[in-house]
Amino acid sequence: MEGLSVGSVLLTGCDGGLGLGLLKGLLEQPSPPRHLFAACLDPQGKAINEVALGCPNIVVLPLDVTDPNSIKAAVRKVREEVGSAGLNLLINNVGTTRRSTLATETAENMTLVYTTNTIGPLQTSQAFLPLLKEAAEAKRQQGMSCSRAAIINISSILGSIEAAKAWEERQDVCYRCSKAALNMLTKCLALEYGSSGILCVSVDPGCVTPPLGQGTQGPVTEEESVRGVLRLLAQLSATSNGTFWDWRGQSLPW
């Protein structure tokens, strides 16, 4: 398979977990991005800097998606690097949760999780829109794709209202509601930005198995998830705009 070929990518949540896995996966593509912005809360972190070492195409970027000033600073840095070519692909991967049941859920949990999982991607997408539009315009002869200009929101099947999966195993109301709202945000972005040639899609990476010694096991390994997500991104087109997919390339219900 040809793989995902994209000039510039901004990936949030690169401090560890899936974000770090996706970063490694992008580096391993047959044609890695020329500009790969690894956004994280701690740009001095050991894990992210080990990956970035010896990779001149990686720019480790401090970014707190809940802080508008941090987002503005990130936009300025990206613009310095990409110039008039714009930003091809924004992957809103950063996320958080608080374990809870319907009986124990709190306003504090709801606010914290919603701020990161839903408002964060909204603010980040708004701020990077001019750079995404520039990338879309630079490749206006091409159809919609992640290579041209796209926003990918990393969501979850737990945010699907129709599927309402795994209630008995994991209620986590704050997380479910934040991802359901993120999915609506994806649809709103698609409706508004699609006319500018920007593809907007939600992706469920699966319940990823954490590194050894870090909690319960999920049904999909990080490597499988990363391969699947990147394979999917390479295949998305105009007909995918405003839709919801999983890491296996299967369409999901809202």
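**Group meeting: a parallel sheet and the helices on it**

I'll start in the middle of the sheet. Strand β4, residues 89-92, pairs with strand β5, residues 150-154, in the parallel sense, and four bridges join them. To pick out one pair of residues there, Leu 90 has Ile 151 in β5 as its bridge partner. Please keep in mind that this is a predicted model.

Now the whole sheet. How many strands form it, and in what order? There are seven, and the order is β3-β2-β1-β4-β5-β6-β7. The sheet is open, with parallel pairing. At the edges are β3, residues 58-62, and β7, residues 243-246, and each of these pairs on one side only. On average, neighbouring strands in this sheet are turned by 20° against each other, ignoring direction.

Next, the helices that pack on the sheet. Helix α1 covers residues 17-27 and touches β1 (8-11), β2 (35-40), β3 and β5. The direction of α1 makes about 165° with that of β1. Helix α3, residues 68-82, also packs on the sheet, and touches β1, β2 and β3. The direction of α3 makes about 160° with that of β3.

α1 has a helix partner too. It packs against helix α6, residues 222-235, at an angle of about 60°, and the two axes are 9 Å apart. Are the two helices parallel or oblique to each other? An angle between 35 and 65 degrees counts as oblique, and α1 and α6 are therefore oblique. Their crossing is right-handed.

Which residues meet there? From α1 we have Gly 17, Leu 18, Gly 21, Leu 22, Gly 25 and Leu 26. From α6 we have Glu 222, Ser 225, Val 226, Val 229 and Leu 230. Sorted by class, this contact has six nonpolar residues, four polar and one charged.

Last, one residue back at the edge of the sheet. Val 59 lies in strand β3, which is one of the edge strands. Is Val 59 buried or exposed? Its relative accessibility is 15%, and the cut-off for buried is under 20%, so Val 59 counts as buried. What is Val 59 in contact with, leaving aside neighbours within four places in sequence? The contacts are Leu 36, Phe 37, Ala 38, Lys 77 and Glu 81. Leu 36, Phe 37 and Ala 38 fall within β2, residues 35-40, while Lys 77 and Glu 81 fall within α3, residues 68-82. Finally, Pro 43 is 16 residues from Val 59 in sequence, and their C-alpha atoms are 9.8 Å apart in space.

Methods: Residues are numbered from 1 along each chain as its sequence is written. This is a predicted model: local features need pLDDT of at least 70, side-chain atom pairs count only at pLDDT 80 or more; totals for chains, interfaces and linings use all residues. Side-chain values use heavy atoms; hydrogens and water are left out. Two strands pair if DSSP finds at least two bridges between them. Axes are lines fitted to C-alpha atoms, for helices over the stretch in contact, and angles run from 0 to 180 degrees between N-to-C directions. Contact means heavy atoms within 4.5 Å. Angles under 35 degrees count as roughly parallel, over 145 as roughly antiparallel, 65 to 115 as roughly perpendicular and the rest as oblique. A crossing is left-handed if the near helix is turned anticlockwise from the far one by less than a right angle, and right-handed if clockwise. Ala, Val, Leu, Ile, Met, Phe, Trp, Tyr, Cys and Pro count as nonpolar, Asp, Glu, Lys and Arg as charged, and the others, Gly among them, as polar. Buried means under 20% relative accessible area, exposed over 50%, partly exposed in between (1.4 Å probe, protein chains only).
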